[in-house]
Amino acid sequence: VVYWPLSQWFPGTFSRSDVEEAARTLSDSARGGWRLVLVLLVVIGAPVVEELLYRGLVLRALGDVLPVPAAIVVGAALFAGAHFQAVQFLGLFVFALVLGVLMHRSGRIGMGILAHAAFNATSLVILWPKK
C-alpha cells in the first residue's frame, strides 16, 4: 500500500522487483539446511534483537528527551535507515511507526516482537523461491 503511489510516479525506482530485490536475493540464496537458519534468523532473531534495540532502548531513550510522537518518528527513521536499503526506507519507516505506537500504547515490547515476526514471516512466504 505504501509503495503503490510511488510505483505509479516512479516506476523505474519503486517497481515491485526493486522493492523486493534485497529480500529476494537473501531468500533465493538459502538452500538446504540454510533455509531453516534463514527462517530462524529472520522470523525470530531479527525481531527480538531489533525490537529490544530500537523500541526497547532507542525509543525509550528518545522518549526521555523528546515528546513521544517525535521520539517515535526519529526512532522509526533510525530503524529504517539502519537497514541500508534506500528503496525500502519508506516501507520500513511506516512499519517502524506502527511498532513504535504499539510499544508506546502497550508499554511492553512483546506485541512489537510478534508483529515484527509476523511481518518478516509473511515476507519470507511471499518471496520464497517457487520450485
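This briefing walks through the fold, the cores, one salt bridge and a surface patch of the protein shown above. The model is a predicted one. The protein has six helices and zero strands, and 35% of its 131 residues count as buried. Helix 3, which spans residues 33-65, turns up in several of the topics below, so it is a handy place to start looking.

**Overall fold**

- Going along the sequence, the pattern reads α-α-α-α-α-α.
- Among contacts in the protein with a separation of 6 or more, 64% link residues 24 or more positions apart.
- The accessible surface adds up to about 8000 Å², and carbon and sulfur atoms hold 73% of that area.

**Nonpolar cores**

- The largest nonpolar core has 15 residues, and the members that touch the most others are Leu59 and Phe79.
- Two or more residues of this core come from each of helix 3, helix 4 (68-82) and helix 5 (89-106).
- Helix 4 is the biggest contributor to this core, giving five residues.
- Beyond the residues up to four places away in sequence, Leu59 touches Tyr54, Ala71, Ile72, Gly100 and Met103.
- There is also a second, separate core of six residues, with Leu38, Val42, Val43 and Trp128 among them.

**The Glu51–Arg55 pair**

- The structure holds one salt bridge, and the side chains of Glu51 and Arg55 form it, at 2.7 Å from N to O.
- The two residues sit four apart in helix 3, which means that about one helical turn separates them.
- Is Glu51 buried or exposed? Glu51 is buried, because its relative accessible area is 1%, and buried means under 20%.
- Arg55 also has 1% relative accessibility, so Arg55 counts as buried.
- The pair also registers as a polar contact between the two side chains, at 2.7 Å.
- Setting aside neighbours within four places in sequence, Arg55 is in contact with Glu50, Arg60, Phe79, Ala96, Leu99, Gly100, Met103, Ile109 and His116.
- Two residues in that list link back to the largest core: Phe79 is in contact with Arg55 and is one of the members of the core that touch the most others, while Gly100 is in contact with Arg55 and is touched by Leu59.

**A glycine in helix 4**

- Gly75 is found in helix 4.
- With 4% relative accessibility, Gly75 falls under the 20% cut-off and therefore counts as buried.
- Which residues does Gly75 contact, leaving aside its neighbours within four places in sequence? The partners are Tyr54 and Leu62.
- Tyr54 is touched by Leu59 too.
- The C-alpha atoms of Gly75 and Ala61 are separated by 9.6 Å, and these residues are 14 apart along the chain.

**A nonpolar patch on the surface**

- Leu36, Leu40, Ile44, Val48 and Leu52 make up a nonpolar patch on the surface, and together these residues have about 430 Å² of accessible area.
- Val48, one of the patch residues, is found in helix 3.
- Why does Val48 count as partly exposed? Its relative accessibility is 31%, so Val48 lies between the 20% limit for buried and the 50% limit for exposed.
- Helix 3 therefore holds both Val48, which is partly exposed, and Arg55, which is buried.

Methods: Residues numbered from 1 in each chain as written. Predicted model: local features only at pLDDT ≥ 70, side-chain atom pairs only at ≥ 80, totals over all residues. Heavy atoms only, no water. Buried < 20%, exposed > 50% of the residue type's maximum accessible area, 1.4 Å probe, protein only. Contact = heavy atoms within 4.5 Å. Areas by Shrake-Rupley, 256 points an atom, 1.4 Å probe, with all protein chains shown as cover. Polar contact = N/O pair within 3.5 Å; in protein donor to acceptor, adjacent residues only side chain to side chain. Patch = residues over 30% accessible without salt bridge, like charges linked within 9 Å, V, L, I, M, F, W, Y side chains within 5 Å. Salt bridge = Lys/Arg side-chain N within 4 Å of Asp/Glu carboxyl O. Core = buried A, V, L, I, M, F, W, Y, C linked by side-chain atoms within 4.5 Å.
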